[in-house]
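User: Could you take a close look at the metal site in this one and walk me through how it is put together? If there's room, add a bit on the packing elsewhere.

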Amino acid sequence: MAIDTHAHIFDAQFDEDRIDVINRLIEAKIKKAVVVGFSKETNVLALNLAKEHAFLYPTAGLHPSEANEITESDILDLEKFINDNKVYAIGECGLDYYWVNDNKEKQKWLFTEQIKLAIKYDLPLIIHCRDAVADVYEILKEYKGKLRFVMHCYSGSSEMAVEFVKLGGMISLGGPVTFKNAKAPKEVAKIVPLDRLLIETDCPYLAPHPNRGKRNEPSYVRLVLNEIATLREIDSDELEEVLDQNSINFFKLD
Ligand SMILES: [Zn+2]
């Protein structure tokens with residue numbers, strides 16, 4: 001059994017064959033998947049999928065790419081949503097300076113509001129970070145010891161991974177760790193303490209080798225797992241057991 005800690009199974013790319021994708025997840029002995037929302041609409045879609053399948057666990061968040069459109073009342077709506085429904089994490093949220101970087105203060109505000117919600121409701125926080133590692137780190141540092149968080153699909157340096165671990169965070173690796181030229185993720189896979197590691201697909205994006213460039217799906221999470229086991233020179237069954245336990249503890253999955 002294995003757990004995909006970050007999947008967007010509600011994505012329109014799965015509309016034609018979602019049930020086949022979910023069946024392949026079961027066949028591949030993926031025990032559970034965390035279905036990650038990132039907007040008002042997708043938070044509802046994630047929740048609805050989880051109502052249909054007991055092994056899917058929904059989260060709710062507001063993505064930095066939507067920061068310009070988000071207002072105070074959207075934060076209140078998000079709080080109401082997590083009060084009214086069982087969610088297992090806040091996020092994904094964070095900072096993304098790759099697509100838009102002229103609204104950094106707005107992005108930081110949106111990120112910080114969700115950090116506060118995570119602390120208030122004792123939920124873990126799923127963090128998206130693209131071209132913004134220094135600012136994400138500075139913000140998280142202020143909440144050291146108060147916040148449970150995961151750096152999702154972590155793509156930064158091993159040095160920064162160590163710093164996030166020191167703040168109490170988890171590091172989650174996805175498809176890129178399997179790419180032949182992915183030096184940094186492979187280094188990260190080797191040095192992160194085992195009890196701080198998670199795995200994910202981030203499907204439908206970032207499919208692992210040999211499916212790189214194709215649509216990703218939860219059953220491929222095993223390719224990520226096997227690559228990390230090879231890099232760390234440990235038995236993949238043994239690694240699987242540790243990662244399962246990490247995921248269950250971090251997200252409080254039942
Ligand atoms: Zn994602």
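**The zinc site**

Analyst: Keep in mind that this is a predicted model. The site of the zinc ion comes out as irregular, with angles of 86 to 179° among its 4 donor atoms. Those donors are H6 and H8, each through NE2, plus E92 through OE and D202 through OD, and they sit at 2.1 to 2.3 Å from the zinc ion. Along the chain, the donors are spaced as H-x1-H-x83-E-x109-D. One pair to look at is H8 and E92, which links distant parts of the chain, 84 residues apart. H8 lies in the loop between strand 1 (2-7) and helix 1 (18-27), while E92 belongs to strand 4 (residues 90-96). Both H8 and E92 are buried.

Now for the packing elsewhere. In helix 7 (residues 183-191), the buried residues are P185, K186, V188 and A189. They end up on the same side of helix 7 because they cover an arc of only 160° around the axis. What they pack against is helix 6 (158-166), strand 7 (170-173) and helix 8 (221-232).

V188 also turns up among the contacts of Y154. Y154 sits in the loop between strand 6 (149-151) and helix 6, and is buried at a relative accessible area of 6%. Leaving out residues up to four places away in sequence, Y154 touches M160, A161, F164, I171, S172, L173 and V188. As for D102, its C-alpha is 23 Å from that of Y154, with the two positions 52 residues apart in sequence numbering.

Terms used: Residues numbered from 1 in each chain as written. Predicted model: local features only at pLDDT ≥ 70, side-chain atom pairs only at ≥ 80, totals over all residues. Heavy atoms only, no water. Donors = N, O, S within 2.8 Å, 3.2 Å for Na, K, Ca; no water. Tetrahedral: all angles 85-135°; square planar, octahedral: opposite > 155°, others 65-115°. Helix = DSSP H or I, 4+ residues; strand = E, 2+ residues; numbered from the N terminus. Buried < 20%, exposed > 50% of the residue type's maximum accessible area, 1.4 Å probe, protein only. Arc of directions from axis to C-beta. Contact = heavy atoms within 4.5 Å.
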